[in-house]
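Welcome, and please open your viewer with a cartoon view ready. We will go from one stop to the next, selecting as we go.

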Amino acid sequence: MLKLENVDVFYKELQALWGVSLTVNQGEIVALVGPNGAGKTTILNLISGMLKPGAGEISFLGNPLARITPHRIVELGISQVPESGKIFTGMSVLENLELGAFVMRARQKRTESLQRVYEMFPRLAERKSQQAGTLSGGERQMLAIGRALMSDPKLLMLDEPSFGLAPILVEQMFEMIARINQQGLTILLVEQNVQSSLELAHRAYLLENGQIVGEGKGRELLSYESVRSAYLG
Amino acid sequence: MMIQSLGQNLVFGLLVGALYGLVALGLSLIFGVTKFLNVAHGELVMFGGYACFWAFSLLGVDPFISIPISMVFLFLLGAVVYRLVFSRTVKLPEESKIKNTLLVAFGLSVILQNLALNFFTADERSVTTSYAMKAFTIAGVRFPVMRLASLVVAVLFLVALTLFLRKTYTGKAIRATAQNWEAASLMGIDIHKVYLLAFALGASLAGVAGILVTVNYSIYPTMGLSWTLKALIVMVLGGLGNIPGALIGGLILGVTESATSFFIDSNYREVAGLVLFLLVLIFRPQGLFGMKES
């Protein structure tokens, strides 16, 4: 479904990714794990078109992504939940969700998608006319995910969805991701929470200093000595 | 007698203030969405004024009828200026964007001034309609028709802009982009289109303001700076990018100026505005109605 081949990314002179290749297949949950600054978010921003590759190819369902603008990429069916949600705090919950369905393809299905998001997150339905800025941390994250789902994506990319949440909410968040996946959505997940994300993911890539240093089935990676010592202590 | 002339001053201040608010409305829309500090806003007002002047003197079009003409003309001018000049600064980080657009807009204001000087000469122009001198009196306080019409126009455009931003999908996309352009872009919003639209809309509001300046004051090629300055003061009073704040800020500036001429001396009215500007920057830099967090 999604394929990156030998991608390099530069921030001005500074190289952030070195020959990254990865694939995400239809229906999978793929996790990207690695320490801070390894380039996980860079990969997501690259796929969503916020960054352009210095070299290499990216394709999604056969469409090359490297030259097209972010809004066209959303139109193709990729939706990114950015780190810490980045919801529109000055707008109502409903307005946030409406904006999620901005692209033409999603606009026609708006009522339907809204219904689905409300079913998935009843809390959002209760607070639909409330300013998004008044929501709690967990609710904000729900809103960010709900907003991304409104665009009726084929691939959902989540950047640290558990960041800043209380432990009980983290658990719920991972259950939620599993549920969204069971409904047929392909997921690319970036997480600090290595244990939970490797348990959840079908496959995972290990990232260090802008390079992929390992890949495998989620639970397999968990048993690797290097992963255990580096992330799980 | 004293009460009456105090009332007259207050009314006059409010009526003038509405015009200040309208001038600031476009500037505030542009700044709020694009973070461009367009100090050539006064020149856009000037071009709006000339559109009204020529429509009146060549074709006999009533100034208030020429509002759509001026708006369309300024919308197109704004779109061209954005494409040619400002679109190049979009990718800069916010702080250097403000600095760079400040310089760019300053250059632009000189160019627009000289274009006007070249084509329209340095003559002062204004439009005087048959009803320009009409006024009515309530409780001894005079309400000039022209100024009152300006107030109505300013309020109408504020309401129209607010409804557009709150109720339409495009308006919501503009607000979303103003709040967080990265997230907006991830929603599939083409932020370059939004910037273009916001800039052109802000320019067309300057076009409306230009008409009101032409019927209440006069226009000439170098008038821009003083109106930019007023708009900047008003924008800071109302809070940067705060749309209703622009009108309220305008009214406050208008009343402050007229109160200064009444209680102190009319020579100090401009000074009063600047003092108010400094006080707000020192004590409430987020504006009188602005919130600390956007």
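In which strand of chain B is the place of B:Thr137? Select B:Thr137 and you will land in strand 1 of chain B, which covers residues 135-138. Keep in mind throughout that this is a predicted model.

**Stop 1: the hairpin in chain B**

Stay on B:Thr137 and show what surrounds it. Is B:Thr137 buried or exposed? It counts as exposed, because it has 9 C-beta neighbours inside 10 Å, and a residue with 12 or fewer falls in that class.

Now add strand 2 of chain B, residues 141-144, to the selection. Strand 1 and strand 2 of chain B pair in the antiparallel sense, over four bridges. Across from B:Thr137, the bridge partner in strand 2 of chain B is B:Arg142. Two residues lie between the strands of this hairpin, and B:Ala139 takes a positive phi near 50° there.

For a sense of distance, select B:Gly48 as well. B:Gly48 and B:Thr137 are 89 residues apart in sequence, and their C-alpha atoms are 31 Å apart in space.

**Stop 2: the whole of chain B**

Zoom out and colour chain B by secondary structure. You should find eleven helices and two strands. Walking from the N terminus, the order of elements is α-α-α-α-β-β-α-α-α-α-α-α-α. The radius of gyration of chain B is 19 Å, close to the 19 Å that the globule rule gives for 294 residues, so chain B is as compact as a globular protein of that length. Along the principal axes, its C-alpha atoms fill a box of roughly 60 × 45 × 35 Å.

Of the 294 residues in chain B, 50% are buried. Among contacts in chain B with a separation of 6 or more, 77% join residues 24 or more positions apart.

**Stop 3: helix 4 of chain B**

Select residues 94-120 of chain B, which form helix 4. Try the distance tool on its end C-alpha atoms: they are 37 Å apart in the model, which agrees with the 39 Å that 27 residues should span at 1.5 Å a residue.

Which residues of helix 4 of chain B are buried? Show side chains for B:Thr101, B:Val104, B:Ala105, B:Leu108, B:Ser109, B:Leu112, B:Gln113 and B:Ala116. An α-helix has 3.6 residues a turn, so residues three or four places apart point the same way. To see what covers the buried residues of helix 4, add helix 2 (41-59), helix 3 (67-84) and helix 9 (224-238) of chain B, which are included in that cover. Then click on B:Thr121, just after helix 4 of chain B, which takes a positive phi of about 60°.

**Stop 4: where the chains touch**

Bring chain A into view and look at the contact between the chains. It takes 14 residues from chain B and 20 residues from chain A. On the side of chain B that touches chain A, helix 6 (169-179) and helix 7 (181-186) of chain B each supply at least two residues. Helix 6 of chain B gives the most, with five residues. By type, the residues on this side of chain B divide into six nonpolar, four polar and four charged.

**Stop 5: chain A and its sheet**

Hide chain B for the last stop. Chain A has eleven helices and ten strands, and 46% of its 233 residues count as buried. Its C-alpha trace spans about 45 × 40 × 30 Å along the principal axes.

How are the six strands of the open sheet in chain A ordered? The order is 6-7-8-3-9-10, with mixed pairing. Strand 6 (78-81) and strand 10 (211-217) of chain A stand at the edges, each with a single partner strand, so one side of each is left without a neighbour in the sheet. On average, neighbouring strands of this sheet are turned by 15° against each other, direction ignored.

Next, select residues 155-159 and 186-191 of chain A, which are strand 7 and strand 8; these pair in the parallel sense over five bridges. A:Leu156 stands opposite A:Ile187 of strand 8 of chain A.

Finish with two helices of chain A. Helix 7 (residues 137-149) lies across strand 6 and strand 7 of chain A, running at about 170° to strand 6. Helix 8 (residues 167-182) lies across strand 3 (29-33), strand 7 and strand 8 of chain A, running at about 160° to strand 8.

Terms used. Residues numbered from 1 in each chain as written. Chains lettered and ligands numbered in written order. Predicted model: local features only at pLDDT ≥ 70, side-chain atom pairs only at ≥ 80, totals over all residues. Buried ≥ 20, exposed ≤ 12 C-beta atoms within 10 Å, placed from the backbone. Contact = placed C-beta atoms within 7 Å. Nonpolar A, V, L, I, M, F, W, Y, C, P; charged D, E, K, R; others polar. Rg over C-alpha atoms; globule rule 2.2 N^0.38 Å. Expected span 1.5 Å × (residues − 1). Pairing = 2+ DSSP bridges. Axes fitted to C-alpha atoms, helices over the stretch in contact; angles between N-to-C directions.
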